[in-house]
Amino acid sequence: MSLSSFYDRHSMTSIRNVEKICDIKGCEKPAERSLNIKKVKETSLELKDDSCRQVHMCKDHYRIFKKETKNDIPDYMG
Ligand SMILES: [Zn+2]
């Protein structure tokens, strides 16, 4: 019985509690990325709440986001 395994289990539980959910309308998947809301508003993705600065996105919506923003020219090239 090691103390560290107890803490591992305990921290896993608390991570689950604070897990972010995707901010895209109608989506309840766990978020994997957080993005600037300005960038997200340039895409067709609809947000549940657009009063926040950071948008949390699941893997699927992040893929759509990337697809819709891929034509953006990076700042350093301009
Ligand atoms: Zn999503």
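Visitor: Let's start with helix α3. Which of its residues are buried?

Guide: This is a predicted model, and in it helix α3 spans residues 59-69, with His61, Tyr62 and Phe65 as its buried residues. Those three cover an arc of only 105 degrees around the axis, so they sit on the same side of α3.

Visitor: Why would residues that aren't next to each other point the same way?

Guide: Here's the general idea: an α-helix has 3.6 residues a turn, so residues three or four places apart point the same way. In this structure, you can check that against His61, Tyr62 and Phe65 on α3.

Visitor: And which exposed residues does the face turned away from the buried side carry?

Guide: On α3, that face has Lys59, Arg63 and Lys67, which are exposed.

Visitor: What covers the buried residues of α3?

Guide: The cover includes β1, β2 and α2, the last of these being residues 37-41.

Visitor: I'm hearing a lot of element names. How many helices and strands are there?

Guide: The protein has 3 helices and 2 strands. Following the sequence, you meet them in the pattern α-β-α-β-α.

Visitor: How do the strands β1 and β2 pair, parallel or antiparallel?

Guide: Strand β1, residues 33-36, pairs with β2 in the antiparallel sense, over 4 bridges. To find one of the matched positions, look at Arg33: its bridge partner in β2 is Met57.

Visitor: Which residues of β2 are on its covered face?

Guide: In β2, residues 54-57, Val55 and Met57 form the covered face. Gln54 and His56 make up the uncovered one.

Visitor: Now the inside. What tends to happen to nonpolar side chains?

Guide: As a general tendency in soluble globular proteins, nonpolar side chains are buried together. In this model, the largest nonpolar core has 10 residues: Cys22, Ile24, Ala31, Leu35, Val40, Leu45, Val55, Met57, Tyr62 and Phe65. The elements giving two or more residues to this core are β2 and α3. You'll recognise Val55 and Met57 from the covered face of β2, and Tyr62 and Phe65 from the buried residues of α3.

Visitor: What share of the protein's residues is buried?

Guide: Of the 78 residues, 15% are buried.

Visitor: Let's pick a core residue. Why is Cys22 classed as it is, buried or exposed?

Guide: The idea is to count the other C-beta atoms within 10 Å, and 20 or more makes a residue buried. Cys22 has 24, so it is buried. You'll find Cys22 in the loop between α1 and β1.

Visitor: Which residues does Cys22 touch, not counting those up to four places away in sequence?

Guide: Cys22 touches Cys27, Lys29, Ala31, His56, Met57, Cys58 and His61. Of those, Ala31 and Met57 also belong to the nonpolar core, while His61 is one of the buried residues of α3. As for distance, the C-alpha atoms of Cys22 and Glu32 are 8.1 Å apart, with the two residues 10 apart along the chain.

Visitor: What about other residues in the loop between α1 and β1, such as Gly26?

Guide: Gly26 is exposed, because it has 7 C-beta neighbours inside 10 Å. Its C-alpha atom is 7.7 Å from that of Lys48, a residue 22 places away along the chain. Glu19 belongs to that loop too, and it is exposed with 10 other C-beta atoms within 10 Å.

Visitor: And Pro30, where is it found?

Guide: Pro30 is in the loop between α1 and β1 as well, with α1 being residues 3-18. It counts as partly exposed because it has 13 C-beta neighbours inside 10 Å. Setting aside residues up to four places away in sequence, Pro30 touches Glu19, Ile21 and Cys58.

Visitor: Taking contacts between residues at least 6 apart in sequence, how many join residues at least 24 apart?

Guide: In this protein, 51% of those contacts do.

Methods: Residues are numbered from 1 along each chain as its sequence is written. This is a predicted model: local features need pLDDT of at least 70, side-chain atom pairs count only at pLDDT 80 or more; totals for chains, interfaces and linings use all residues. A residue is buried if 20 or more other C-beta atoms lie within 10 Å of its own, exposed if 12 or fewer, and partly exposed in between; C-beta atoms are placed from the backbone. Two residues are in contact if their C-beta atoms, placed from the backbone, lie within 7 Å. Two strands pair if DSSP finds at least two bridges between them. The arc is that of the directions from the helix axis to the C-beta atoms. A nonpolar core is a set of buried Ala, Val, Leu, Ile, Met, Phe, Trp, Tyr and Cys residues joined through C-beta atoms within 7 Å.
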